[in-house]
Amino acid sequence: MEATEKPYEKGVVNVATVARFPEGFLWGVATAAYQIEGAWNEDGKGISIWDTFSHTQGKIADGSTGDVACDHYHRWREDIALMKELGVKAYRFSIAWTRIIPQGAGPVNPKGLDFYDRLVDGLLEAGIKPFVTLYHWDLPQALQDIGGWANRDVAYYFADYAAVVAHRLGDRVKHWMTHNEPWVVAWVGYAWGHHAPGIKNTKVALQVAHHLLLSHGLAVEVLKDLGDAETRVGIVLNLSPVHPATESDEDKAAAHRNDGYHNRWFLDPIFVGSYPADMWEWFGQLVPEVRPGDMSIISRRIDFLGVNYYTRSVVKHDPQGGLLQLRGVHVEGSEYTEMGWEVYPDGLYELLVRLHRDYKIPEIYITENGAAFKDEVTPDGKVHDERRLNYLREHFLRAHKAIQDGVPLKGYFVWSLMDNFEWAHGYTKRFGIVYVDYETQKRIIKDSGYWYQKVIAENSVPS
Ligand code: JSK
């Protein structure tokens with residue numbers, strides 16, 4: 001076409017540009033077992049650390065538990081139908097270790113395997129690809145009783161559990177994620193104690209992070225060995241670009257430290273085979289015990305990285321700011337979600353391009369992205385969640401831009417399919433594109449859900 005021809009001026013094409021995604025781009029939704037399933041003590045399930053934690057007075061903001069949650073354990077057929085209506089191509093969910101091996105190690109519970117077997121068959125029947133996370137924070141309590149992830153043996157028990165699941169589902173499940181957000185498990189669970197198991201010990205947290213990484217590597221071996229040519233194995237990290245509050249050298253160094261303990265502490269071992277030297281030095285006596293051979297297990301080649309992106313961090317040097325000597329700052333004029341997280345779509349583009357540039361990552365999926373806002377059902381029976389819709393659109397557009405710039409992004413899972421138990425916040429934060437009335441367990445597709453349905457059907461985002 002000649003440069004002078006402007007077909008849009010003749011009404012030949014729409015003036016509005018449309019971000020079209022590659023053929024076969026995998027649009028999906030994500031959940032996790034403890035956040036939706038309920039049925040906490042049914043069909044032989046063992047007790048997990050989140051059962052214990054949520055049953056402990058004062059740990060969860062609204063005093064709630066995951067005992068019932070979205071009752072997905074009984075309503076999974078309805079939830080698959082919901083996903084089919086939305087038109088999603090893939091569903092990321094997690095398996096509760098305690099349903100499969102109630103005591104963490106030892107006897108297998110056949111009813112637990114049966115549940116996920118039926119779920120997987122139901123998904124495939126609906127034309128939805130299952131993406132399975134093996135560990136989404138619900139460690140068997142019996143393993144916590146021997147120290148939890150602070151105990152190196154637990155890494156080996158995790159690999160055994162992975163083998164049991166892969167043996168039963170591996171003929172139909174081709175996409176596996178070992179861990180979800182090991183940074184949150186280690187720091188929020190073992191250093192700050194806001195999450196289960198509620199431990200506050202930084203040295204233990206760093207040893208936990210190492211054992212999580214080790215268990216990842218061990219499970220990768222198991223999953224690849226038991227898999228076939230189609231089997232793809234990865235891990236999910238929560239990553240955030242970190243920006244200095246000012247251009248001062250001190251703030252820039254603080255930003256680099258935050259990036260070091262949050263992003264590089266996990267990316268480098270997995271993709272480079274070593275911990276970042278600057279952070280190793282910074283942590284001093286707190287560094288974990290690493291045995292010979294560990295780093296090559298951890299850095300065994302994986303097929304994809306799952307990226308959970310919600311926000312960026314903006315930080316300032318602060319001598320009173322604990323171990324890392326920094327603190328986060330509020331950005332004047334920015335929009336914040338109900339989680340107190342800044343809405344910053346450009347960070348997704350920045351992150352994806354950086355991952356592609358700095359690490360040799362064959363394929364990337366956004367395994368979580370979404371936002372908590374105050375939702376209400378209006379008298380028309382609908383949920384007009386315009387802010388969530390805008391949040392998703394802006395982030396989809398940055399993902400599209402990253403693809404155009406060569407990032408091998410293969411799919412995008414919205415967090416979450418439906419409102420659910422948001423950990424220490426209980427049911428007070430709603431992330432769903434489907435509203436859940438917890439009194440009646442009625443599901444209502446929000447405006448953002450109907451909009452996503454259209455995006456998926458057209459494989460493009462109207463800008
Ligand atoms: C959302 C991050 C997995 C899926 C979603 C939680 C998270 C978090 C939650 C940090 C955090 C707590 C709290 C303590 C105190 C500050 C889930 N992703 N999600 N992603 N990340 N203390 N400072 N020193 O529900 O299950 O920390 O912060």
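Where is Lys446 found in this structure? Lys446 sits in the loop between strand E14 (442–445) and helix H15 (447–458). The model you are looking at is a predicted one, and this report walks through some of its buried residues, a helix pair and a few backbone features.

## A buried lysine

Is Lys446 buried or exposed? With a relative accessibility of 0%, Lys446 counts as buried, because the cut-off for that label is under 20%. The side chain of Lys446 reaches the backbone oxygen of Gly432 at 2.8 Å. Gly432 is also one of the residues that Lys446 touches, once residues up to four places away in sequence are set aside. Others on that list include the acidic residues Asp375, Asp385 and Asp419, along with Arg388 and Arg430. Val383, Ile433, Val434 and Tyr435 are in contact with Lys446 as well.

## Two buried histidines

His211 has its place in helix H9. This histidine is buried, since its relative accessible area is 4% and the limit is under 20%. Beyond residues up to four places away in sequence, His211 touches Trp149, Ala150, Asn151, Arg152 and Ala155.

His395 belongs to helix H14 (residues 386–404). At 0% relative accessibility, His395 counts as buried too. Which backbone oxygen lies 2.7 Å from a polar atom of the His395 side chain? That oxygen belongs to Tyr391. Leaving aside neighbours within four places in sequence, His395 is in contact with Tyr309, Val343, Tyr344, Pro345, Leu348, Asn369 and Tyr412. If you would like a distance for orientation, the C-alpha atoms of His395 and Glu250 are separated by 31 Å, and these two residues are 145 apart along the chain.

## The nonpolar core

In soluble globular proteins, nonpolar side chains tend to be buried together. Here the largest nonpolar core holds 157 residues, and Trp149 and Phe396 touch the most other members. Helix H9 gives the most to this core, with twelve residues. Trp149 also appears among the contacts of His211.

What does Phe396 touch, not counting residues up to four places away in sequence? The partners of Phe396 are Phe21, Trp27, Tyr412, Val414, Trp451, Tyr452, Val455 and Val461. Tyr412 is therefore a contact of both Phe396 and His395, because the heavy atoms are within 4.5 Å in each case.

## Helices H8, H9 and H10

Helix H8 (residues 182–191) is mostly covered, and ten of its ten residues are buried. Among them are Trp183, Trp187, Gly189 and Tyr190. Just after H8, Gly193 takes a positive phi of about 75 degrees.

Two packed helices are described by the angle between their axes and the distance between the axes. Helix H9 (residues 202–226) packs with helix H10 (residues 249–271) at an angle of about 35 degrees, and their axes are 11 Å apart. The crossing of H9 past H10 is right-handed. On the H9 side, the meeting residues are Leu206, Ala209, Leu213 and His216; on the H10 side they are Trp265, Phe266, Pro269 and Ile270. How many residues of this contact are nonpolar, polar and charged? The contact of H9 with H10 divides into seven nonpolar, one polar and no charged.

## Backbone features to look for

Most residues other than glycine have a negative phi, and most peptide bonds are trans. The table gathers four places in this model that depart from that pattern.

| Site | Backbone feature | Location |
|---|---|---|
| Ala39 | positive phi of about 45 degrees | loop between helix H1 (33–36) and helix H2 (49–54) |
| Asn459 | positive phi of about 50 degrees | loop between H15 and strand E15 (460–462) |
| Ala196 to Pro197 | cis, omega near 5 degrees | Pro197 in the loop between H8 and H9 |
| Trp415 to Ser416 | cis, omega near 10 degrees | Ser416 in the loop between strand E12 (409–415) and strand E13 (434–437) |

Are Ala39 and Asn459 buried or exposed? Ala39 counts as buried at 4% relative accessibility. Asn459 is buried as well, with a relative accessible area of 13%.

Terms used:
Residues numbered from 1 in each chain as written. Predicted model: local features only at pLDDT ≥ 70, side-chain atom pairs only at ≥ 80, totals over all residues. Heavy atoms only, no water. Helix = DSSP H or I, 4+ residues; strand = E, 2+ residues; numbered from the N terminus. Buried < 20%, exposed > 50% of the residue type's maximum accessible area, 1.4 Å probe, protein only. Polar contact = N/O pair within 3.5 Å; in protein donor to acceptor, adjacent residues only side chain to side chain. Axes fitted to C-alpha atoms, helices over the stretch in contact; angles between N-to-C directions. Left-handed = near helix turned anticlockwise from the far one by under 90°. Nonpolar A, V, L, I, M, F, W, Y, C, P; charged D, E, K, R; others polar. Core = buried A, V, L, I, M, F, W, Y, C linked by side-chain atoms within 4.5 Å.
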